[in-house]
Amino acid sequence: MDRGRTAPLTLDPIEGVEPTSLVLTHLDSQIAWYDESAIHSMTWHFRLRTLQILTAAVIPVTQVFVPGVAARITAGALAAFVAIVQGIDSLHHYGDHYANWRATAQQLWRERFLFAAPAGPYKGFAAHGSEALATLADRVDAIEAQENRQWHSAVVKDESATLEASRTK
């Protein structure tokens, strides 16, 4: 797990492949984007969750040390803050994005590794030849298409839930 890592992955050149290869350039840019986006989402998700936990833990304490009406007002304000922080996390889907983007970055990274080896589906091809590059392009496209379908499904689900909530009012 990469919870402690805050810098993007470093991608080494692949021997025998032009660094300007369109397929490799695209793959490396996608790995970097998904990796950086996963780190960003993870950071915000854990910051917001930590803030929620700490704020929620303070609410009972206010009932012990703050007398009368002030205790109720303080507890209410803190509870509202917890709800707002949860709403921000839910609105931006930081936790969901982190998991999905981390998985996609790892899939792309694995595909790059197999291509560089050459191993797996690249084993039978001339090392880093045009057939191997075409296979890499196809497999990267399939990974990206899968992630796009997951994203689209989540968006449609959110829109349906919002529409349903507006109808029940």
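Colleague: How are axes and the angles between them defined here?
Modeller: This is a predicted model. Axes are lines fitted to C-alpha atoms, for helices over the stretch in contact. Angles between N-to-C directions run from 0 to 180 degrees.

Colleague: At what angle do the axes of helix 1 and helix 2 cross?
Modeller: Helix 1 spans residues 22-65 and helix 2 residues 68-92. Their axes come within 9 Å. They cross at roughly 165 degrees.

Colleague: Are helix 1 and helix 2 roughly parallel or antiparallel to each other?
Modeller: Angles over 145 degrees count as roughly antiparallel. The axes cross at roughly 165 degrees. Helix 1 and helix 2 are therefore roughly antiparallel.

Colleague: Is the crossing of helix 1 and helix 2 left-handed or right-handed?
Modeller: The two helices meet through residues including Leu48, Leu51 and Ile59 in helix 1 and Leu78, Phe81 and Val85 in helix 2. Helix 1 passes helix 2 in a crossing that is left-handed.

Colleague: Which side chain of opposite charge is nearest to glutamate 147, and how far away?
Modeller: Glutamate 147 sits in helix 4, residues 130-167. It is buried, yet has no salt bridge. The nearest side chain of opposite charge is arginine 149, 10 Å away.

Colleague: Which residues does glutamate 147 touch, leaving out those up to four places away in sequence?
Modeller: Glutamate 147 is buried in the model. With those sequence neighbours left out, its contacts are Tyr34, Trp101 and Thr104.

Colleague: Is glutamine 150 buried, partly exposed or exposed?
Modeller: Glutamine 150 also lies in helix 4. Its relative accessibility is 36%. Glutamine 150 therefore counts as partly exposed.

Note on methods: Residues numbered from 1 in each chain as written. Predicted model: local features only at pLDDT ≥ 70, side-chain atom pairs only at ≥ 80, totals over all residues. Heavy atoms only, no water. Helix = DSSP H or I, 4+ residues; strand = E, 2+ residues; numbered from the N terminus. Buried < 20%, exposed > 50% of the residue type's maximum accessible area, 1.4 Å probe, protein only. Lys, Arg positive; Asp, Glu negative; His and termini not counted. Salt bridge = Lys/Arg side-chain N within 4 Å of Asp/Glu carboxyl O. Contact = heavy atoms within 4.5 Å. Parallel < 35°, antiparallel > 145°, perpendicular 65-115°, else oblique. Left-handed = near helix turned anticlockwise from the far one by under 90°.
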